[in-house]
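Biologist: Could you pick one part of this model and walk me through it closely, then show me how the rest is arranged around it? Keep it chatty, but give me the residues and the numbers.

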Amino acid sequence: MSVFKFESDTLQDLLDHIDAKTLFIFDIDHTLIEPVQIIGSTHWEKYIAKKLKGQGFTHHEASIRAFHQWRTIQHLTAVKAVENSIYEVLRLIDSLNLRTLGLTARDSTLSELTFDQLKSVGLDKIFTFQSPSEDLAADYPCRYFNGAVFCGFNRKDIGLRLFLEHVKVKPQKVVFVDDQKSHVDELEEFSIAEGIEYVGMTYHASGDHKFNPQIAEIQEKYLPKLISDREALDLLEA
Ligand SMILES: [Mg+2]
């Protein structure tokens with residue numbers, strides 16, 4: 001049993017780690033897809049939460065309020081694939097007939113919308129681990145739907161554990177990609193505890209460096225219309 005973790009800004013670096021016995025697990029936001037503009041990104045959600053804490057909300061309240069604002073934007077925004085290499089990954093998944101799973105901090109109220117968003121960039125068939133939809137008994141709502149576990153406020157290792165127990169599958173090897181290192185670490189803990197070979201990649205194709213609070217503030221003013229980063233920047237400089 002081995003564990004290997006690394007960081008990279010391209011999915012290409014994962015390809016060598018994939019073999020036929022791999023359960024390949026993907027985060028969704030900022031790993032597969034992201035909004036076409038700054039507002040609606042996870043970075044923006046964190047910025048909102050921080051602002052709310054500054055206004056006196058507790059960490060928990062601020063997180064919930066920020067999440068609700070983030071969710072509202074998901075219903076409005078177009079998304080793009082984070083990196084074109086994902087389509088190469090998709091071909092590899094097909095050719096090896098791999099088992100793949102989505103593992104997201106989105107909650108299950110967004111499950112249908114998530115697949116509409118994935119479909120808009122040709123990624124709605126990426127999760128091949130198909131099983132009937134199931135609510136998983138965790139501290140917070142947690143649901144498996146159409147190949148993805150919607151963990152909500154639960155840790156991702158909890159969501160994965162509950163799903164694998166439910167379907168009675170123990171993978172020999174897990175490869176996981178997520179833009180948040182904390183989640184890569186959670187699955188490492190899980191894999192070690194379960195004696196599963198693990199490769200975890202923290203993925204930086206969509207970095208915090210792209211976040212610009214001034215652009216986000218202007219975009220917020222224009223809601224429910226979504227203006228592009230370019231348009232917001234022009235207004236900022238006008
Ligand atoms: Mg993410």
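**A helix pair, then the sheet**

Modeller: Let's begin with helix 7 (residues 213–222) and helix 8 (residues 229–237), whose axes come within 9 Å and cross at roughly 100°. That crossing angle is why helix 7 counts as roughly perpendicular to helix 8. Bear in mind that this is a predicted model. On the helix 7 side, the contact is made by Q214, I215, I218 and Q219. Facing them from helix 8 are D229, A232, L233, L235 and L236. Sort the residues of this contact by class and you get 6 nonpolar, 2 polar and 1 charged.

Now zoom out to the domains. The domain assignment splits the protein chain into domain 1 (3–35 + 79–203) and domain 2 (42–77 + 208–237). Taken over C-alpha atoms, the centres of domain 1 and domain 2 are 26 Å apart. As for where they meet, 6 residues of domain 1 contact 6 residues of domain 2. The domain 1 side of that contact has 4 nonpolar residues, 1 polar and 1 charged.

Next up is the sheet. It's an open one of 8 strands with mixed pairing, in the order 1-10-9-2-5-8-7-6. Its edge strands are strand 1 (3–8) and strand 6 (134–135), each of which pairs on one side only. Helix 6 (residues 181–194) packs on this sheet and touches strand 1, strand 9 and strand 10 (197–203). The direction of helix 6 makes about 175° with that of strand 10.

If you want one strand to stare at, take strand 2 (residues 22–26), which pairs with strand 9 (residues 173–178) in the parallel sense over 5 bridges. Within that pairing, T22 stands opposite K173, and L23 stands opposite V174. Strand 2 also pairs with strand 5 (residues 99–104), again in the parallel sense, over 4 bridges. There, L23 has R99 as its bridge partner. So L23 has a partner in strand 9 and another in strand 5.

How covered is strand 2? Mostly: 5 of its 5 residues are buried. T22, F24 and F26 point one way, L23 and I25 point the other way, and all are buried.

Strand 1 is another story. Of its 6 residues, the number buried is 0, so strand 1 lies largely in the open. As an edge strand, strand 1 pairs on one side only. Its pairing with strand 10 runs in the parallel sense over 6 bridges. One pair to look for there is F4, whose bridge partner in strand 10 is V199.

Last, hop over to the other edge, where L136 lies in the loop between strand 6 and strand 7 (143–145). L136 is buried because 21 other C-beta atoms lie within 10 Å. Not counting residues up to four places away in sequence, L136 touches C142, R143, Y144, G159, L162, F163 and H166. Among those contacts, G159 is 23 residues from L136 in sequence, yet their C-alpha atoms are 7.7 Å apart in space.

Notes: Residues are numbered from 1 along each chain as its sequence is written. This is a predicted model: local features need pLDDT of at least 70, side-chain atom pairs count only at pLDDT 80 or more; totals for chains, interfaces and linings use all residues. Domain bounds come from an automatic or database domain assignment. Two residues are in contact if their C-beta atoms, placed from the backbone, lie within 7 Å. Ala, Val, Leu, Ile, Met, Phe, Trp, Tyr, Cys and Pro count as nonpolar, Asp, Glu, Lys and Arg as charged, and the others, Gly among them, as polar. Axes are lines fitted to C-alpha atoms, for helices over the stretch in contact, and angles run from 0 to 180 degrees between N-to-C directions. Helices (H or I, at least four residues) and strands (E, at least two) are DSSP runs, numbered from the N terminus. Angles under 35 degrees count as roughly parallel, over 145 as roughly antiparallel, 65 to 115 as roughly perpendicular and the rest as oblique. Two strands pair if DSSP finds at least two bridges between them. A residue is buried if 20 or more other C-beta atoms lie within 10 Å of its own, exposed if 12 or fewer, and partly exposed in between; C-beta atoms are placed from the backbone.
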